[in-house]
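Please open the structure in your viewer and keep the selection panel within reach. We will walk through it stop by stop.

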Amino acid sequence: MTAELRDPDLHARRAVRSLVASQIREVANVGIGDAAILPFWFGEPDQVTPAYIRDAAVASLDAGETFYTQNFGIPELREAIADYVSRWHRRVAAGNIAVTASGMSALMLSVEALIDPGDRVVCVTPLWPNLTEIPKILGADVVRVALSFGADGWNLDVARLLDALTPGTRAVLINSPNNPTGWTIDRAGQAAILEHCRKHGIWIIADDVYERLYYDAPAALACAPSFLDLGDPGDRIVSTNSFSKTWLMTGWRLGWIVAPGALLPDLGKLIEYNTSCSPTFVQRAAVVAINAGEPTIAQTLERYRAARDFLVAALNAIPGVSAAAPKGAMYIFFRVAGITDSLEFCKRLVREVSLGLAPGSAFGPEGEGFVRWCFAADTDRLADGVARLRRALGRS
Ligand SMILES: Cc1ncc(COP(=O)(O)O)c(C=O)c1O
């Protein structure tokens, strides 16, 4: 070990050192760059951003829009997001919207705005690890309340969650539709949580990035229930969202926050000290995405619905595998009988059959024994993946 690596003063602070590294990345590192790999490990659409959205960014660049812009986003985009949110949920104003440089950044900013070191933050799990690690960066104590898996899929025991939301709890973080399980909270659950949080002054941070990937409604009406449907403008509700999944724009890094107006001045300071603003040409593309993107969303949803139905049936046909059709998002989180170390299992899949899946343990201890498969893909690729899984399990 070099002197540099031994010197404790050259290390990051303790909260940062204790963050867990991504196990999805650990699996991907075994095979990334190998052309033989069939990857379903990351949560990413398999299609490029539509041309009409890309064209808007090119036009903005051609017009020379290469300068800093407003902390909260260009007015046209804030208006477009406010109209969009108002269409699907309750009426919000542009003054409630902060444009952020990704959904990830929206979450980080929300947590930075609300969470002090030592605060108790409750998360519904299994959960995309970024969501449980962000509060820890701020020094929060993260308490996990696990969903359960049964014949009808993933479910939340709302009473158990309310028990965990003790007086003094600062925030509850709910991602619905959920990554990795696809679990989607219903209205009754939301109403009970909101009532409880109102009573105890607990903030609800709702990660709504998958709200439009919701299969329990016709494509043209598809939007999962959001806390924004129930809350009043003065409620302690922050909703975070992203252009990544809904408009096939993962690499663009753009998202937004809907927050009570009183929080906006402080969010503005945080945006200034984080990214200062999001790129103008990306925001111009986002205005077009929001205003013209509904047909694309409907097509994507139909494609994903078919992929989901195909994959659930194909997985359940493998002896020892149990999969439930998720209500939302783009993942199947399925159990493989006899698997007690999903990280090792997924590494073996990469090495032996060149199949890239995400280990359940990456989403917390509740996820052990499960594997996540992103089904944003054509069915022939999914079928090839299932054949490889069968081979690895000796069930081909
Ligand atoms: C649950 C959840 N929230 C937020 C995000 C953030 O998306 P992005 O940072 O690409 O906008 C993701 C991305 O995978 C996600 O799965």
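What follows is a short tour, from the whole chain to single residues and back to pairs of helices.

**The whole chain**

Before selecting anything, keep in mind that this is a predicted model. Show everything as a cartoon and you will be looking at 15 helices and 15 strands. Turn the protein along its principal axes: the C-alpha atoms fill a box of roughly 60 × 55 × 45 Å. The radius of gyration is 21 Å, and because a compact globule of 396 residues would come out near 21 Å, the two agree. If you colour by burial, 47% of the 396 residues count as buried. A contact map is worth a look too: among contacts with a separation of 6 or more, 74% are between residues 24 or more positions apart.

**Stop 1: helices α6 and α7**

Select residues 103–114 for helix α6 and residues 129–137 for helix α7. How far apart are their axes, and at what angle do the helices pack? The axes are 9 Å apart and the angle is about 30 degrees. An angle under 35 degrees counts as roughly parallel, so α6 and α7 are roughly parallel to each other. The crossing of α6 past α7 is right-handed.

Now show side chains at the contact. From α6, pick Met104, Leu107, Met108 and Val111; from α7, pick Asn130, Leu131, Ile134 and Pro135. Colour them by type and you get seven nonpolar residues, one polar and no charged.

**Stop 2: the loops leading into α6 and α7**

Go to Ser102, in the loop between β2 (97–100) and α6. This residue is not a glycine, yet its phi is positive, at about 120 degrees. Is Ser102 buried or exposed? It counts as buried, because it has 22 C-beta neighbours inside 10 Å.

Next, select Pro126, which sits in the loop between β3 (120–125) and α7. Look at the peptide bond from Thr125 to Pro126: it is cis, with omega near 0 degrees.

**Stop 3: Val143 in strand β4**

Select residues 141–146 to bring up strand β4, and centre on Val143 within it. Which residues does Val143 touch, not counting those up to four places away in sequence? They are Arg120, Val122 and Ala164. Draw a distance between the C-alpha atoms of Val143 and Val122: the separation is 4.7 Å, although the two residues are 21 apart along the chain. Val143 has 16 C-beta neighbours inside 10 Å, so it counts as partly exposed.

**Stop 4: a second cis proline**

Move on to Pro180, in the loop between β7 (171–175) and α9 (187–200). Zoom in on the bond joining Asn179 and Pro180, which is a cis peptide bond with omega of about 25 degrees.

**Stop 5: Ser276**

Select Ser276, in the loop between α11 (264–274) and α12 (280–292). Here is another serine with a positive phi, about 70 degrees, although it is not a glycine. Is Ser276 buried or exposed? It is exposed, because 12 other C-beta atoms lie within 10 Å, and 12 or fewer is the cut-off for that class.

**Stop 6: helices α3 and α14**

Select residues 23–31 for helix α3 and residues 342–353 for helix α14. These helices pack at an angle of about 25 degrees, with axes 9 Å apart. They are therefore roughly parallel to each other, and their crossing is right-handed.

To see the contact, show Gln23, Glu26, Val27, Val30 and Gly31 of α3 along with Leu343, Cys346, Lys347, Val350 and Arg351 of α14. By type, these residues divide into five nonpolar, two polar and three charged.

**Last stop: Arg390 in helix α15**

Finish by selecting residues 379–392, helix α15, and pick out Arg390. Setting aside neighbours within four places in sequence, Arg390 is in contact with Ile318, Arg395 and Ser396. Arg390 counts as partly exposed, because it has 18 C-beta neighbours inside 10 Å. For one more distance, add Ala337: from C-alpha to C-alpha, Arg390 and Ala337 are 13 Å apart in space, with their positions 53 residues apart in sequence.

Note on methods:
Residues numbered from 1 in each chain as written. Predicted model: local features only at pLDDT ≥ 70, side-chain atom pairs only at ≥ 80, totals over all residues. Helix = DSSP H or I, 4+ residues; strand = E, 2+ residues; numbered from the N terminus. Rg over C-alpha atoms; globule rule 2.2 N^0.38 Å. Buried ≥ 20, exposed ≤ 12 C-beta atoms within 10 Å, placed from the backbone. Contact = placed C-beta atoms within 7 Å. Axes fitted to C-alpha atoms, helices over the stretch in contact; angles between N-to-C directions. Parallel < 35°, antiparallel > 145°, perpendicular 65-115°, else oblique. Left-handed = near helix turned anticlockwise from the far one by under 90°. Nonpolar A, V, L, I, M, F, W, Y, C, P; charged D, E, K, R; others polar.
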